[in-house]
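Colleague: I would like a close look at a single helix in this model and at what surrounds it. Please state the cut-offs behind each term as you use it.

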Amino acid sequence: MSSATSRTALVVEDERTINDALAQRLRAEGYVVEQAFDGPSAVELAVAVRPDVVLLDVMLPGFDGLEVCRRIQADRPVPVLMLTARDDEADVLVGLGVGADDYLTKPFSMREVVARVSALLRRVDRAAALADARPGAIRVGGVSIDPGTRRTTVAGEPVHLTPTEFDLLLCLARESGQVLTRERLLRDVWDWGDAWASSSATRTVDSHVKALRSKVGAERIRTVHGVGYALEDLP
């Protein structure tokens with residue numbers, strides 16, 4: 001279900017004022033909220049309470065949010081919304097590379113946080129329903145995407161994709177050769193409405209495409225500047 005009822009959110013942020021504000025807003029939306037203020041306690045809580053979604057600050061005492069993300073994703077897949085004070089592309093790509101699904105740059109509005117968290121959980125539900133349906137694999141040139149098992153191979157070799165990268169590749173594969181706009185990708189992959197089609201939102205698409213290219217091959221995803229992206233039928 002996509003309702004917040006009975007969903008558990010883990011908020012990891014060392015600034016207590018921000019952590020408490022996030023926790024308060026999410027509880028008001030119906031989430032069960034656990035709070036951590038450093039890296040080690042975040043990993044311990046993630047293992048103990050098995051949250052449905054994690055809001056994770058990058059800069060933390062103990063060890064940073066990137067290491068937290070690596071460790072909790074190694075335990076089990078869970079959607080992660082990274083919270084960062086910097087919008088540097090290199091930092092964003094590192095976060096996406098260790099398993100984060102989305103990111104928000106500080107300062108952010110609580111309304112946008114709730115919308116992003118809700119969208120992440122809707123995507124998890126959609127992926128689970130798709131897995132239950134066991135649809136057949138989609139092949140575009142040398143790329144094979146199996147929506148049921150959520151496995152991907154490139155030229156016969158398995159490729160590990162984050163949940164968001166997989167959903168993005170699947171969306172492009174379903175209309176291979178066609179250019180999909182950033183707005184379309186935001187709607188179909190991230191489940192964001194038009195209200196979130198801002199410059200920061202389109203940068204989210206661009207960052208994920210760049211991360212995906214590094215795994216499936218840059219030449220397979222064609223950029224149409226000012227419009228969007230297309231998956232090419234290449235061996």
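Modeller: The account below begins with the basis of the model, takes one helix in detail, and then turns to other parts of the chain. This is a predicted model, in which local features need pLDDT of at least 70 and side-chain atom pairs count only at pLDDT 80 or more, while totals for chains, interfaces and linings use all residues. Residues are numbered from 1 along each chain as its sequence is written, and side-chain values use heavy atoms, with hydrogens and water left out.

The protein chain has a mean pLDDT of 88, and 91% of its residues reach 70 or more; pLDDT is the predictor's confidence in each residue, from 0 to 100. Among the elements of the chain, E1 has the highest mean pLDDT (98) and helix H4 (residues 89-97) the lowest (73). Helices (H or I, at least four residues) and strands (E, at least two) are DSSP runs, numbered from the N terminus.

The helix chosen is H2, residues 39-49, whose buried residues are Gly 39, Ala 42, Val 43, Leu 45 and Ala 46. Seen down the axis of H2, these residues fall within an arc of 165 degrees, so they line one face of the helix; the arc is that of the directions from the helix axis to the C-beta atoms. On the other side of H2, Glu 44 and Ala 48 are exposed. Buried means under 20% relative accessible area, exposed over 50%, and partly exposed in between (1.4 Å probe, protein chains only).

The cover over the buried residues of H2 includes strand E1 (8-12), strand E2 (32-36) and helix H3 (65-75), where contact means heavy atoms within 4.5 Å. Just after H2, Arg 50 takes a positive phi of about 50 degrees.

Asp 57 lies in strand E3 (residues 53-57). Asp 57 is buried, with a relative accessible area of 4%. Leaving aside residues up to four places away in sequence, Asp 57 touches Val 12, Glu 13, Asp 14, Gly 65, Leu 83 and Lys 106. With Lys 106 there is a polar contact between the two side chains (3.1 Å); such a contact is a pair of N or O atoms within 3.5 Å, and within protein one must be able to donate a hydrogen and the other to accept it, while residues adjacent in sequence count only if both atoms are side-chain atoms.

Finally, Cys 69 counts as buried at 0% relative accessibility, and Cys 171 counts as buried at 11%.
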